[in-house]
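Hi,

Here is the model we talked about, with the sequence alongside. Have a look at it first, and my notes follow underneath.

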Amino acid sequence: MDPMHQFEVQPIIELPALAGIDTSFTNSSLWMVLAVGLSGMFMLMASSRTALVPGRLQLMGEMAYGFVANMIKENVGTEGMRFFPFIFSLFLFILFCNMLGMLPYSFTVTSHLIVTFALAAVVFVMVTAVGFIRHGIGFLKLFVPSGIPVVMVPLLVIIEVISYLTRPVSLSVRLFGNMMAGHTMLKIFGGFVVGLSSAGLVPLAIAPFALMVALTGLELLIAGLQAYVFTILTCIYLNEAIHMDH
Amino acid sequence: MPQLDPSTFGSQLFWLLVCFGALYLVLSFIVIPRISRTLETRAETMESDLAEAEKLRGQAEAALAAYEEALAEARSRALVLAQEMRAEVQAETDRQKAELDAQLAEQAAGADKILAAARDAAMADLKTAAAELVGDVMQAIGTDKAADGDVAKALDKVAAE
């Protein structure tokens with residue numbers, strides 16, 4: 001009953017290494033494929049009908065589209081719409097991975113730091129590139145806060161640079177930490193329920209069971225919320241790189 | 001902690017790239033163009049429908065204005081016609097009244113003439129009768145028959161008094 005057992009990556013099909021990288025199809029790969037397959041199918045089916053008055057599925061697809069599109073318009077502005085496909089993919093991918101992770105016996109792709117860090121690194125590289133492409137070397141002014149005494153400038157620049165560089169870490173650890181902690185907690189309470197019941201102490205198992213039900217609801221909320229948080233932080237970083245105002 | 005086992009990183013990163021890349025391609029080349037076209041078409045249709053409704057409303061308003069104008073014109077024409085009619089009738093009435101007045105005046109004048117003739121005749125008759133009566137009275141009282149001229153003269157004198 002190791003609560004960390006659920007996070008183990010186990011190969012399903014061993015595949016030969018490609019350019020020195022292991023490409024084995026694992027349980028993590030399976031759930032990534034499922035998340036992408038489900039979200040992709042959902043959006044494809046939702047967008048296959050182009051009725052003037054949408055049906056249920058079409059409306060759901062359009063709402064998901066509108067949700068992310070409005071998020072970008074409000075936080076970045078219309079210039080940000082160039083990054084809409086990427087941000088929309090990010091949102092759907094994280095949302096579906098988190099939600100599928102709530103299924104019993106499933107694997108939570110986003111509970112692995114390497115995955116969330118890779119996503120955050122892509123965001124970081126993209127945002128930094130956008131900043132330098134739009135503002136050239138002037139993008140470095142982002143690290144010099146305006147309206148402070150000259151003596152303080154070196155210290156604050158160091159702080160600003162560190163805070164900028166730790167963004168991918170905070171972005172990835174936030175998602176990974178939320179997912180891992182939630183699932184570990186569920187597993188621990190699940191372990192209590194099973195352990196107490198098998199020891200013949202069923203009445204004592206009621207409390208952890210009730211707590212587990214409540215935590216499952218909370219985890220569902222967190223699964224949605226963290227997808228939203230990751231996406232909106234991406235928008236905020238992008239806005240800073242495009243408009244350089246903070 | 002399985003998350004810190006670097007031997008799984010390669011596979012996870014590889015499949016993340018494959019899966020996320022596939023999702024990105026599907027969304028950016030199929031789903032997003034479709035949905036944005038649908039939303040655009042919807043916005044355009046609504047806009048054109050609203051414009052059409054606005055146009056039709058304008059037409060209805062123009063028709064109403066034309067109707068009211070025609071009504072006002074008809075009303076003023078009716079007023080003019082009524083006035084003309086009234087004036088015509090008045091003129092006709094006046095004319096007929098004048099004609100009647102003239103006729104009546106003529107008849108009255110004729111009657112006056114007849115009356116005057118009758119009165120003259122009556123006066124003449126009265127004179128003659130009076131002269132006869134005077135002659136008879138003088139004959140009866142035995143005076144000489146006065147000359148007719150004298151009697152008539154005396155009678156005229158009396159009548160003048």
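The biggest contributor to the lining of the largest cavity is α4(A), with four residues. A cavity here is a set of points on a 1 Å grid over the protein atoms alone where a 1.4 Å probe fits but cannot get out, a pocket is an open set with protein on both sides within 12 Å along at least five of seven lines, and lining residues have an atom within 4 Å of a point. Helices (H or I, at least four residues) and strands (E, at least two) are DSSP runs, numbered from the N terminus. Two elements of chain A, α4 (113–135) and α6, each give two or more residues to that lining.

The structure has one cavity of 30 Å³ or more, and the volume of the largest cavity is about 40 Å³. Volumes are the space filled by probe spheres set on the points, with grid points joined across faces, edges and corners. Around the largest cavity you will find Ala120(A), Val123(A), Phe124(A), Val127(A), Tyr164(A), Arg167(A), Pro168(A), Leu171(A) and Tyr237(A). By class that is eight nonpolar residues, no polar ones and one charged; Ala, Val, Leu, Ile, Met, Phe, Trp, Tyr, Cys and Pro count as nonpolar, Asp, Glu, Lys and Arg as charged, and the others, Gly among them, as polar.

Before you read on, the ground rules. This is a predicted model, so local features need pLDDT of at least 70 and side-chain atom pairs count only at pLDDT 80 or more, while totals for chains, interfaces and linings use all residues. Residues are numbered from 1 along each chain as its sequence is written, chains are lettered from A and ligands numbered from 1 in the order in which they are written, and side-chain values use heavy atoms, with hydrogens and water left out.

Now the pocket. The largest one has a volume of about 730 Å³. Of its 26 lining residues, Gln6(A), Leu103(A), Pro104(A), Tyr105(A) and Lys187(A) are the closest to the centre. Chain A's α1 (27–48), α6 (167–198) and α7 (202–243) are the elements that each give two or more residues to the lining, and α6(A) has the largest share, seven residues. The lining splits into 12 nonpolar, 11 polar and three charged residues.

On to the interface. Chain B uses 31 residues to contact 48 residues of chain A, where contact means heavy atoms within 4.5 Å. The area buried between the two chains is about 3,400 Å², and carbon and sulfur atoms give 78% of it. (Buried area is the accessible area, with a 1.4 Å probe, that two parts lose on being put together, summed over both.) In chain B, Gln3(B), Gln12(B) and Phe20(B) lose the most area to chain A, together 18% of what that side buries.

How many salt bridges are there between chain B and chain A? The count is one, while the structure holds five over all chains. The rule is a side-chain nitrogen of Lys or Arg within 4 Å of a carboxyl oxygen of Asp or Glu. The pair across the interface is Glu62(A) with Arg42(B), the closest N and O atoms being 2.9 Å apart. Glu62(A) sits in helix α2 (residues 56–75) of chain A and Arg42(B) in helix α1 (residues 9–141) of chain B, so this pair joins two chains.

Last, the fold of chain A. It has seven helices and two strands, in the order β-β-α-α-α-α-α-α-α along the sequence. Its C-alpha atoms fill a box of roughly 70 × 55 × 45 Å along the principal axes. Leu156(A) lies in helix α5 (residues 153–165) and touches Phe143(A), Pro145(A) and Ile148(A), leaving aside residues up to four places away in sequence.

Cheers
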